[in-house]
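Please look at the sequence and the structure shown below. The paragraphs that follow lead from single side chains to the fold as a whole.

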Amino acid sequence: MRPVFYTTCHLNGSPYSLGATSDGIVFIENTPIDDVTKRHWFDKFFDTNQLYQDDNHPLLVRCRQQLQQYFDGKLTTFDIPLDLKGTSFQKAVWNSLLAVQYGQSKSYKAIAESIGKPTASQAVGAAVGQNPIMIIVPCHRILGATRKLTGFRGGLPLKEQLLQLEHIPYKE
């Protein structure tokens, strides 16, 4: 297993854990690193014995800077390599999320159709909910068919905040 480097930082008044391999960002969580390492997803792809804190890792510094610029309203497109770890279905969903531009939203059904699985809205919802790279892989831009807020791993208050930042209309 390859090593994962991590840092914890405060962005927009909240703590975030960021992780990267030598290939790219592997997680962005709004939880402490201990909570990240307890997730089944992490155990499947990484070894906690290969997890090293490195607050100066170049990818993590760049990620932190870009996230801060995003929260400051100065960045609408992230330019940082990602190292997506998941099933082929999850990666297809997450790559489809990357095509949803700043200020736009899509429904779970639209994402399902975009990956050629028009009847897989619920499976898409599950994959969206397991996205390990929140914000950069913009799962917050996915809304229910009626534009209603649905679950968000980072919590609905954060989802609302991100949608408001991007001026995306939604229904509560």
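Phe-46 is a buried residue in this predicted model, with a relative accessible area of 5%. The cut-off that matters here is 20%: a residue under that value is called buried, one over 50% is called exposed, and one in between is partly exposed. By this rule Phe-42 is buried as well, because its relative accessibility is 0%.

The protein contains ten aromatic pairs. A pair of aromatic rings is described by the distance of the centres and the angle of the planes. What are these two values for Tyr-16 and Phe-71? Their centres lie 6.0 Å apart and their planes meet at 45°, and the pair is tilted. Tyr-16 belongs to strand β2, which covers residues 14-20, and Phe-71 belongs to helix α3, which covers residues 58-71; the pair therefore ties together parts that are 55 residues apart in sequence. Tyr-16 counts as buried because its relative accessibility is 3%. Phe-71, with a relative accessible area of 9%, is buried too. Phe-42 and Phe-46 form another pair: with 5.2 Å between the ring centres and 40° between the planes, this pair is also tilted. Ring pairs further join Tyr-16, Tyr-70, Phe-71, Phe-78 and Tyr-102 into a cluster.

Strand β2 also holds Leu-18. Is Leu-18 buried or exposed? Its relative accessibility is 0%, so Leu-18 counts as buried. When residues up to four places away in sequence are left aside, Leu-18 touches a set of residues that includes Phe-5, Tyr-6, Phe-27, Ile-28, Leu-60 and Leu-67. Other residues lie at a distance from Leu-18. The C-alpha atom of Ala-92, 74 residues away along the chain, is separated from that of Leu-18 by 22 Å. Ala-92 is part of helix α4, residues 88-98, and is partly exposed, with a relative accessible area of 31%. For Leu-18 and Ala-126, which are 108 residues apart along the chain, the separation of the C-alpha atoms is 22 Å.

A charged residue can be examined in the same manner. Glu-29 lies in strand β3, which covers residues 25-29. Its relative accessibility is 2%, and Glu-29 therefore counts as buried. Beyond residues up to four places away in sequence, Glu-29 touches Pro-15, Tyr-16, Ser-17, Val-36, Arg-39, Pro-132, Met-134 and Arg-153. Tyr-16, already met as a partner of Phe-71 in an aromatic pair, is thus one of the residues that Glu-29 touches.

The backbone deserves attention as well. Most residues other than glycine have a negative phi, and most peptide bonds are trans. Asn-12 has a positive phi, near 55°, although it is a residue other than glycine. The place of Asn-12 is the loop between β1 (4-11) and β2, and its relative accessibility of 35% makes it partly exposed. Arg-147 likewise has a positive phi, of about 70°, and is not a glycine. Arg-147 lies in the loop between β6 (142-143) and α7 (156-165); with a relative accessible area of 31%, this residue is partly exposed.

These details can now be placed in the whole fold. How many helices and strands does the protein have? There are seven helices and six strands, and along the sequence they follow the pattern β-β-β-α-α-β-α-α-β-α-α-β-α. The C-alpha trace spans about 45 × 35 × 25 Å along its principal axes. Why does the radius of gyration agree with that of a compact globule? A compact globule of 172 residues would have a radius of gyration near 16 Å, and the protein has 15 Å, so the two agree.

Further totals describe the interior and the surface. Of the 172 residues, 45% are buried. Among contacts between residues at least 6 apart in sequence, 57% join residues that are at least 24 apart. The exposed area of the protein is about 8,300 Å², of which carbon and sulfur atoms supply 49%. Finally, there are 18 positive and 15 negative side chains, and the centres of these two sets lie 9 Å apart.

Methods
Residues numbered from 1 in each chain as written. Predicted model: local features only at pLDDT ≥ 70, side-chain atom pairs only at ≥ 80, totals over all residues. Heavy atoms only, no water. Phe/Tyr/Trp six-rings, centres within 6.5 Å; stacked < 30°, edge-to-face > 60°. Helix = DSSP H or I, 4+ residues; strand = E, 2+ residues; numbered from the N terminus. Buried < 20%, exposed > 50% of the residue type's maximum accessible area, 1.4 Å probe, protein only. Rg over C-alpha atoms; globule rule 2.2 N^0.38 Å. Contact = heavy atoms within 4.5 Å. Areas by Shrake-Rupley, 256 points an atom, 1.4 Å probe, with all protein chains shown as cover. Lys, Arg positive; Asp, Glu negative; His and termini not counted. Charge placed at Lys NZ, Arg CZ, Asp CG, Glu CD.
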